[in-house]
Amino acid sequence: MKKLKVAMVGGGGGGSFFGRVHWRALSLDGSRELVAGVLRSNPVAALESAKEWGIQGFPDVPSMIRAWKKGQVEIDYVVVATPNHAHFKAAKACIEAGLPVLCEKPMTLTVDESEKLVALVHAKKVPFVLAHTYTGHPMMMFAREMVRAGQVGQVRKIESWYSQGWLATALEKSGQQQASWRTDPKRTGISNCGGDIGTHAFVAATWVSGLSVKRVSARLNTFVKGRKLDDDFNVIAELSNGGTALITATQIAIGHKNDCGFRLYGTTGSLEWHQEAAEQLIVRRPDHDESYWIGSGAPITSAVVSSYLRAPAGHHEDFFEALGNLHTTMERLVRRQRREKHVPEAYPHPGVAEGLAGMKFVRAAVRSSKAKGAWTVV
Ligand SMILES: NC(=O)c1ccc[n+]([C@@H]2O[C@H](COP(=O)([O-])OP(=O)(O)OC[C@H]3O[C@@H](n4cnc5c(N)ncnc54)[C@H](O)[C@@H]3O)[C@@H](O)[C@H]2O)c1
């Protein structure tokens, strides 16, 4: 089996975060390797970064695509790991050229851009995966399978949350890279907290339950003085089956790191999952609780979920493996599209549809909050 060749947009520079996480995650299985990239916005710095990483560098995305078309670089898919404002341009150029894209969340800066991306992906029929890392955790996939199989009955209510404390003070004033662009409307979009981590909570609620959000009533707060956007995001949502979801995210919860998860209440049982203890899924029944551990055997997971496990039961698989699983999904989509033999089924991880839904959800929440919590159609 030939290794897939991966290119990356974003990720370069000493203080940058998630590009390097992707690099590690995509390398996990030995079946994919990072070979090229446009690692920074400044063309000279982009080439320097690529040299540092030991990959083929390009000053911008169009020149990388041109080189790929001329056969000067081999690329099977592209990871877009820039701040939000640069996702669309890079993803659009790649998809137009026929290159599959694994794109960071939130999918774009605006709903309009997301709509264009959805149309383009459908027209070009190229694989597209949205990097909601947590959906790569096998126990989150298992939770989704349980709901689909009716093992907790009909979903009545969901609570999903993402609590962080790192923006409880004006960190951006110190010039801290990740805080600076996340609090800047030009680079992050109409919502800071909602777009950045509220979308993770939204995906947890909708992707696991298979339901969509029809209307929202929201209250967004900006607790830290001088900020233009929210640092606290609270939404009550009406689900497509008439149920309710409480979807919250905050960056001012001091001491909370990446405290995200969900509780889902069905007519015959409840599910509970915490990202910071991601290898366990708790199922509550009227008279007892069940606790499932990652890798604890094929009988509890479907064949496709089991095919994403890497280690025997009792060995830890966590954050990098979860992101690695989204790369596995992309790899399977690419190889299956090429009709390679013996490629396992790709799990339906979030893609363009979920990306657009997340963007519309955030837009409705911002509008509702401005209208003092008025119910707003998504
Ligand atoms: N899925 C997750 O769990 C997760 C976690 C963290 C961040 N993210 C997402 O990843 C993206 C990056 O976030 P981050 O925290 O790594 O930010 P960062 O500031 O650490 O890194 C951004 C990188 O993009 C580069 N860049 C900026 N503009 C560019 C352009 N036009 N062309 C090429 N490169 C460019 C920067 O040089 C830098 O290397 C964001 O969209 C964020 O929401 C997702």
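## Around the ligand

Helix H7 is the top contributor to the shell around the ligand, giving three residues. Keep in mind that this is a predicted model. The shell holds 25 residues, and the ones that come nearest to the ligand are Gly10, Ser16, Phe17, Phe18 and Ser41. Two elements give two or more residues to the shell: helix H1 (18–27) and helix H7 (177–182).

What is the chemical make-up of that shell, by class? Polar residues number twelve, nonpolar ones nine and charged ones four. Both domains take part here: domain 1 (4–133 + 345–352) and domain 2 (141–313 + 356–370) each supply at least three residues to the shell.

## Two domains and where they touch

The domain assignment splits the protein chain into domain 1 (4–133 + 345–352) and domain 2 (141–313 + 356–370). Taken over C-alpha atoms, their centres sit 25 Å apart.

As for the contact itself, 21 residues of domain 1 meet 22 residues of domain 2. On the domain 1 side, helix H5 (residues 111–124) gives the most, with four residues. By class, that side of domain 1 has ten nonpolar, eight polar and three charged residues.

## The nonpolar core

In soluble globular proteins, nonpolar side chains tend to be buried together. Here, the largest nonpolar core counts 105 residues, and Val78, Val101, Ala143, Ala201 and Ala365 have the most contacts inside it. Where does this core lie relative to the domains? Domain 1 and domain 2 both give residues to the core, so it lies between them.

Val78 is worth a click in the viewer. Once you set aside its neighbours within four places in sequence, Val78 is in contact with Ala7, Val9, Cys94, Leu99 and Val101.

## Strand S9 and its partners

Strand S9 (residues 232–239) is mostly covered, with six of its eight residues buried. Strand S8 (residues 213–221) runs antiparallel to S9, and eight bridges join the two. One pairing you can pick out is Leu220 with its bridge partner Phe233 in S9.

S9 also pairs with strand S10 (residues 244–250), again antiparallel, through seven bridges. Ala237 stands opposite Ala245 in S10. Which residue takes a positive phi in the hairpin of S9 and S10? Gly242 does, with a phi near 90°, and the hairpin has four residues between the strands.

Definitions and conventions. Residues are numbered from 1 along each chain as its sequence is written. This is a predicted model: local features need pLDDT of at least 70, side-chain atom pairs count only at pLDDT 80 or more; totals for chains, interfaces and linings use all residues. A residue is near a molecule or strand if its C-beta atom, placed from the backbone, lies within 6 Å of it. Ala, Val, Leu, Ile, Met, Phe, Trp, Tyr, Cys and Pro count as nonpolar, Asp, Glu, Lys and Arg as charged, and the others, Gly among them, as polar. Domain bounds come from an automatic or database domain assignment. A nonpolar core is a set of buried Ala, Val, Leu, Ile, Met, Phe, Trp, Tyr and Cys residues joined through C-beta atoms within 7 Å. A residue is buried if 20 or more other C-beta atoms lie within 10 Å of its own, exposed if 12 or fewer, and partly exposed in between; C-beta atoms are placed from the backbone. Two residues are in contact if their C-beta atoms, placed from the backbone, lie within 7 Å. Two strands pair if DSSP finds at least two bridges between them.
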